[in-house]
Amino acid sequence: MVVYIEYAFLWNFLLDGTLLWLSTRAARRKTGWLRIGFSALVGAAFAVVFPLLSLSVFFSYACKFFVGALLCLFAFGRIKNKNEWGTYALTCLLFFTFTFAFGGAVLGVSGESPKKGIVLLMIALMTVGLTYLIKKLYKKRAVESRIYACVLSYKEKSVQIDGFYDSGNLASYGGTPVCFVSPDVFYDLLGEELAFGEGNDAPSVEICFSTLGGAKRARAWLGELAITEKDAKKRAQKVYFCSATNMLSREYKLLLNARIFDDGVATDKG
């Protein structure tokens, strides 16, 4: 059997590049084509040289996993903080998952080793399920790290709710930050005024803010927001609040403004 090195190199370069691109995209890691190309070149060179090495089965698999993790690191780029370590681990897991899935599909379709192909596909499917679970847990942890216990007050009424710190919420009126609350909280604070038609006479203002769907207008009321943390001092400040009809999250009922912590209070509890 004749093996053409240049064809094997090109095939592995394209394959590694595709798998690395899919892995970084699935892990939502922004990277450049140069990084992926360099990593794919290293992977293709390894694929050509590896058959020439005499290694035991254990060291053979250990070497493959080590090189695979190294390829992901080249494509991933420099790891700056602990959060990126989790994203890098997810990228590696996805890369090996896609590799197993592709290998199993090739063996199964070609008919060379159907049983081995089925085993590899089953491993890939289980890994996909594990990856999905890890992503859900990682996302939940990221959300929880930005949730703060809050007390929102308006006149004599107040509600205790969980607020999510949203760095994209820059809405303000006259320099005062604007927060958004779920409809049930909004009616808990303004139910009587709205029920008796006093909403227009109440001290409210009309604000204009930008969303993905374009500019929108809404009426906002001036209240007081206090953020209470177990290991932090209670603080309060004036904020405008208005109803957000599309807020259906179970984790929080209040969308905090990005300027809430401008005075130096940490925005990350992790």
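**Close-up 1. Lys253 and its salt bridge with Asp184 in the predicted model.** Lys253 has a relative accessible area of 32% and is therefore partly exposed. Its partner Asp184 is likewise assigned to the partly exposed class, at 38% relative accessibility. The side chains of these two residues form a salt bridge with an N to O distance of 3.4 Å. Distant parts of the chain are linked by this pair, 69 residues apart: Lys253 lies in the loop between β7 (235–243) and β8 (254–256), and Asp184 belongs to helix α6 (residues 183–195). A search of the whole structure finds two salt bridges; the other is presented next.

**Close-up 2. The salt bridge between Glu84 and Arg29.** The closest N and O atoms of this pair are 3.2 Å apart. Glu84 is located in helix α4 (residues 82–110) and Arg29 in the loop between α1 and α2, so that distant parts of the chain, 55 residues apart, are linked. Glu84 is buried because its relative accessibility, 15%, falls under 20%. Arg29 also counts as buried, with a relative accessibility of 19%.

**Close-up 3. The packing of helices α1 and α2.** Helix α1 (residues 5–26) packs against helix α2 (residues 33–49) at an angle of about 135°, and their axes are 7 Å apart. The two helices are therefore oblique to each other, and their crossing is right-handed. Residues of α1 in the contact include Phe9, Phe13, Leu20 and Trp21, while those of α2 include Trp33, Ile36, Leu41 and Val48. By class, the contact comprises 13 nonpolar, six polar and one charged residues.

How values were computed: Residues are numbered from 1 along each chain as its sequence is written. This is a predicted model: local features need pLDDT of at least 70, side-chain atom pairs count only at pLDDT 80 or more; totals for chains, interfaces and linings use all residues. Side-chain values use heavy atoms; hydrogens and water are left out. Axes are lines fitted to C-alpha atoms, for helices over the stretch in contact, and angles run from 0 to 180 degrees between N-to-C directions. Helices (H or I, at least four residues) and strands (E, at least two) are DSSP runs, numbered from the N terminus. Angles under 35 degrees count as roughly parallel, over 145 as roughly antiparallel, 65 to 115 as roughly perpendicular and the rest as oblique. A crossing is left-handed if the near helix is turned anticlockwise from the far one by less than a right angle, and right-handed if clockwise. Contact means heavy atoms within 4.5 Å. Ala, Val, Leu, Ile, Met, Phe, Trp, Tyr, Cys and Pro count as nonpolar, Asp, Glu, Lys and Arg as charged, and the others, Gly among them, as polar. A salt bridge is a side-chain nitrogen of Lys or Arg within 4 Å of a carboxyl oxygen of Asp or Glu. Buried means under 20% relative accessible area, exposed over 50%, partly exposed in between (1.4 Å probe, protein chains only).
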